[in-house]
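Grab a pencil and open the viewer: here are a few exercises on helix packing and buried residues. Each task comes with a solution worked through in steps.

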Amino acid sequence: DGGDITGSIDKFRQAVSLSPNRPEGYTNWGVALAKLGQLEDAIEKFEQAIERAPHHATNYMLLGAALLEKGDITAAAAQYGKATELDPTNPSPLINHGVALARIGQHAEAITHFKKALALQKHQPHVYFLWGAALAELGQHQEAIEKFRLTVRYIPKHLEAISFWAVSLNE
């Protein structure tokens, strides 16, 4: 993207020093740090934003993403869960929470989240794929094939869905 991330970090630092009680500076600072791969520092900024605005789901989503990228999947799932509680009509926290749950082996719970996300917003082919992958992990290959089929119907060149479909056919 080529922006001056280091320069923007300096401006966010300045904004925070001018308005230390406002969460936006910490949030934006954390996003910039995460773009640079400075995950520990980004996590700290997202936590500081949450301290100042504990009812903003976006900060929990960003914290969850940084934790997931860091490899702390259980902590990421917890943050996505908080975002889901704060913004239950937004499918994004549900999807991300489901992904994190699937990555720690809680496939049935992940499926529940994917279903809820689809109930909120029907046309999400990638969510059908995620649901299918979780079903396949549970050994429910026929049901998984149906989800992969839906994914490919909407995105004909979805290679992961096609590959998982082929594997499920062999099970």
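**Exercise 1. Find which residues of α1 and α2 meet, then work out how the two helices run relative to each other.**

Step 1. On the α1 side, pick out Ile5, Ser8, Ile9, Phe12, Arg13 and Val16; they meet Gly25, Tyr26, Asn28, Trp29, Ala32, Leu33 and Lys35 in α2. Keep in mind that this is a predicted model.

Step 2. Sort that contact by class: you get 8 nonpolar, 3 polar and 2 charged residues.

Step 3. Now for the geometry. Helix α1 covers residues 5–18 and helix α2 residues 23–35, and they pack at an angle of about 155°, with axes 9 Å apart. Angles over 145 degrees count as roughly antiparallel, so α1 and α2 are roughly antiparallel to each other.

Step 4. Check the hand: the crossing of α1 past α2 is left-handed.

**Exercise 2. Do the job again for α5 and α6, then look at where His97 sits.**

Step 1. Helix α5 (residues 73–86) packs against α6 at an angle of about 155°, and their axes are 8 Å apart. That angle makes α5 roughly antiparallel to α6.

Step 2. The hand of the α5 and α6 crossing is left-handed.

Step 3. List the contact: α5 brings Ile73, Ala77, Tyr80, Gly81, Ala83 and Thr84, while α6 brings Pro93, Leu94, Asn96, His97, Ala100, Leu101 and Arg103. By class, the contact of α5 with α6 has 8 nonpolar, 4 polar and 1 charged residues.

Step 4. Zoom in on His97, which belongs to helix α6 (residues 91–103). Not counting residues up to four places away in sequence, His97 touches Ala77, Tyr80, Gly81, Thr84 and His113.

Step 5. Is His97 buried or exposed? Its relative accessible area is 12%, and buried means under 20%, so His97 is buried.

**Exercise 3. Describe the packing of α8 with α10, then deal with His141.**

Step 1. Take helix α8 (residues 125–137) and helix α10 (residues 159–169): the angle between them is about 25°, with their axes 10 Å apart. Angles under 35 degrees count as roughly parallel, so that is what α8 and α10 are to each other.

Step 2. Their crossing is left-handed.

Step 3. From α8 the contact uses His126, Phe129, Ala133 and Ala136; from α10 it uses Glu160, Ala161, Phe164 and Ser168. These residues divide into 5 nonpolar, 2 polar and 1 charged.

Step 4. Move on to His141, in helix α9 (residues 141–154). Leaving aside neighbours within four places in sequence, His141 is in contact with Ala136, Ser168 and Glu171. Ala136 and Ser168 also take part in the contact of α8 with α10.

Step 5. With a relative accessible area of 17%, His141 is buried.

**Exercise 4. Which residues touch the most other members of the largest nonpolar core?**

Step 1. Start with the general picture: in soluble globular proteins, nonpolar side chains tend to be buried together.

Step 2. Here the largest nonpolar core has 47 residues, and Leu63, Tyr80, Phe114 and Trp131 touch the most other members. The helix that gives the most to this core is α8, with 8 residues.

Step 3. Follow Phe114 outward. Setting aside neighbours within four places in sequence, Phe114 contacts Ile95, Gly98, Val99, Val127, Leu130, Trp131 and Ala134.

Notes: Residues are numbered from 1 along each chain as its sequence is written. This is a predicted model: local features need pLDDT of at least 70, side-chain atom pairs count only at pLDDT 80 or more; totals for chains, interfaces and linings use all residues. Side-chain values use heavy atoms; hydrogens and water are left out. Helices (H or I, at least four residues) and strands (E, at least two) are DSSP runs, numbered from the N terminus. Buried means under 20% relative accessible area, exposed over 50%, partly exposed in between (1.4 Å probe, protein chains only). Contact means heavy atoms within 4.5 Å. Axes are lines fitted to C-alpha atoms, for helices over the stretch in contact, and angles run from 0 to 180 degrees between N-to-C directions. Angles under 35 degrees count as roughly parallel, over 145 as roughly antiparallel, 65 to 115 as roughly perpendicular and the rest as oblique. A crossing is left-handed if the near helix is turned anticlockwise from the far one by less than a right angle, and right-handed if clockwise. Ala, Val, Leu, Ile, Met, Phe, Trp, Tyr, Cys and Pro count as nonpolar, Asp, Glu, Lys and Arg as charged, and the others, Gly among them, as polar. A nonpolar core is a set of buried Ala, Val, Leu, Ile, Met, Phe, Trp, Tyr and Cys residues joined through side-chain atoms within 4.5 Å.
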